[in-house]
Amino acid sequence: MKKLQLLIAVFCGFLCVFGSTTPTKRVRPLQGNFFEWISSIFLPPPGTTTPTTEVTTRKSTTTSLSSTTSTTTSTTSSLISSNTTSTTTPITSPTYSPVPNFPQDRYCVSCRCGFINNLNKIVGGEETRVHQYPWMAVILIHDRFYCSGSLINDLYVLTAGHCVEGVLPELLTLRFLEHNRTHPNEDVVVIQRYVTKVKVHELYNPQSFDNDIAVLRLERPVDMENRRIRPICLPIQGHSFDHELAVVTGWGAQKEGGSASDTLREVQVVVIPQSVCRNQTTYRPGQITDNMMCAGYISEGGKDACGGDSGGPLQTTFDEQPGQYQLAGIVSWGAGCARPKSPGVYTRVNQYLRWLRSNTPGACHCMPYPEEDY
């Protein structure tokens, strides 16, 4: 009797498994790791989150990244460039054969950081002189202009985290000594480098833009003996920059909703104290974290970074050297462009000096002061 019951049970189980005509739903892991699979089951799909307060980045989005990146920057009103064109600078691209690690004790030439190439600069939203700011980097994704960056030593470029979050290094190209992206100066050879590593800050928040900072490692160093190219100095630790005049440079739009500029431009802005930006602007106090700084003109507006300027430098001079610049901030976000009571918001670089030391191994650094001062 027991044998008969056992046979009946086995037969019923066979029918349940193979006799059903209704297909069962099978969940298979997504491309990625186990935690991404679990998230795909229990978390809502992208696009179902509640939009945040109106904050807009200043990057160009002519390159579609939906199929190759996981950039999740939240915006509710468009400030971006809509018709930037790819650069036509004639460059012979070197064979991509990166050397991943350079020895820590490699030979470094003596050099000074932060000096512009021409002291007679044009200010107030005008075109810069050619190669006036020799640390400026054009960041290309799929060979199309996307953001800007600043060379901080011979091996690394500093930019905004929202520019490169989720972007694969092999999609990125950097160009230095480029002034006019569509009509190159034939007398100067543009320097091009590939990227071997993208390091976005571990605590970067794409909703609030806190810790909006990233470093890009070049596949090989730039030549610091080339007097045309030079890194910008890192800022003084703990310095507030309050009420100081600063210069923003980039290829961004010249007005809100406009297209990116073909030529590198600059504009002078004033650094706004933290308490003023938190309490006397359109921003809520909690939006402006200690890792941010504001710059612009509160009452009248009129001068600001804009779409396409993301990742570029907010630079101020050292007191001792009027023509020598330090990197005070990185273009991050803002409400529109140059609106009254809505100044530009920048990543405060001197909050990240220790992080930069830990994430820029193997580089040769240029000194801000003469060697005899050390």
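Which residues point one way from β8, and which the other way? I would like to open with that question, and the answer is that Ala 214, Leu 216 and Leu 218 point one way from β8, while Val 215 and Arg 217 point the other way, and all of them are buried. In a regular strand, the side chains alternate between the two faces of the sheet. Please keep in mind throughout that we are looking at a predicted model.

Let me step back to the whole protein before returning to that strand. The protein has five helices and 14 strands, and of its 374 residues, 50% are buried. If we take the contacts between residues at least 6 apart in sequence, 72% of them join residues that are at least 24 apart. The accessible surface comes to about 18600 Å², and carbon and sulfur atoms account for 54% of that surface.

Now back to β8, which covers residues 214-218 and is mostly covered, since five of its five residues are buried. On one side we can follow its pairing with strand β5, residues 156-159, where the two run antiparallel and are joined by four bridges; within that pairing, Thr 159 has Ala 214 of β8 as its bridge partner. β8 also pairs with strand β7, residues 191-200, again in the antiparallel sense and this time over five bridges, and here Lys 199 has Val 215 as its partner in β8.

Following the chain onward, we come to the loop between β8 and β9, and in that loop we find Phe 241. Its phi is near 70°, which is a positive value in a residue other than glycine. That deserves a remark, because most residues other than glycine have a negative phi. Phe 241 has a relative accessibility of 0%, and so it counts as buried.

The next strand is β9, residues 245-250, and five of its six residues are buried, so this strand is largely enclosed by the rest of the structure. What does β9 pair with over six bridges? The partner is strand β10, residues 265-272, and the pairing is antiparallel. β9 is also joined to strand β12, residues 313-317, by two bridges, and these two strands run antiparallel as well. A good residue to click on here is Val 247, whose bridge partner in β10 is Gln 268, and which stands opposite Gln 315 in β12.

Let us move on to strand β14, residues 344-348, where I have chosen two residues. Val 345 is found in this strand, and with a relative accessibility of 1% it counts as buried, since the limit for that word is 20%. Leaving out residues up to four places away in sequence, Val 345 touches a set of residues that includes Tyr 283, Ile 288, Met 292, Met 293 and Trp 333. Val 331 is another residue that it touches, and although the two are 14 residues apart along the chain, their C-alpha atoms are separated by 6.9 Å.

Thr 347 is the second residue I chose in β14, and at 3% relative accessibility it too counts as buried. Among the residues that Thr 347 touches, again without those up to four places away, are Asp 212, Ile 213, Asn 291, Ala 328 and Tyr 352.

Is everything in this part of the chain hidden, or are some residues open to the outside? Lys 341 lies in the loop between β13, residues 325-334, and β14, and because its relative accessibility is 46%, it counts as partly exposed. Its phi is near 60°, a positive value in a residue other than glycine. Gly 302, in the loop between β11 and β12, is exposed, with a relative accessible area of 57%. Gly 302 and Pro 343 are 41 residues apart in sequence, and their C-alpha atoms are 9.5 Å apart in space.

I will finish with empty space. Rolling a probe the size of a water molecule over the atoms shows where such space is left. The second largest pocket holds about 400 Å³ of space. It is lined by 20 residues, of which the closest to its centre are Cys 233, Leu 234, His 365, Cys 366 and Pro 368. Sorted by class, that lining has 15 nonpolar, four polar and one charged residues.

Terms used:
Residues numbered from 1 in each chain as written. Predicted model: local features only at pLDDT ≥ 70, side-chain atom pairs only at ≥ 80, totals over all residues. Heavy atoms only, no water. Buried < 20%, exposed > 50% of the residue type's maximum accessible area, 1.4 Å probe, protein only. Contact = heavy atoms within 4.5 Å. Areas by Shrake-Rupley, 256 points an atom, 1.4 Å probe, with all protein chains shown as cover. Pairing = 2+ DSSP bridges. 1 Å grid on protein atoms, 1.4 Å probe; cavity = no way out; pocket = protein on both sides within 12 Å on 5 of 7 lines; lining within 4 Å. Points joined across faces, edges and corners; volume = space filled by probe spheres on them. Nonpolar A, V, L, I, M, F, W, Y, C, P; charged D, E, K, R; others polar.
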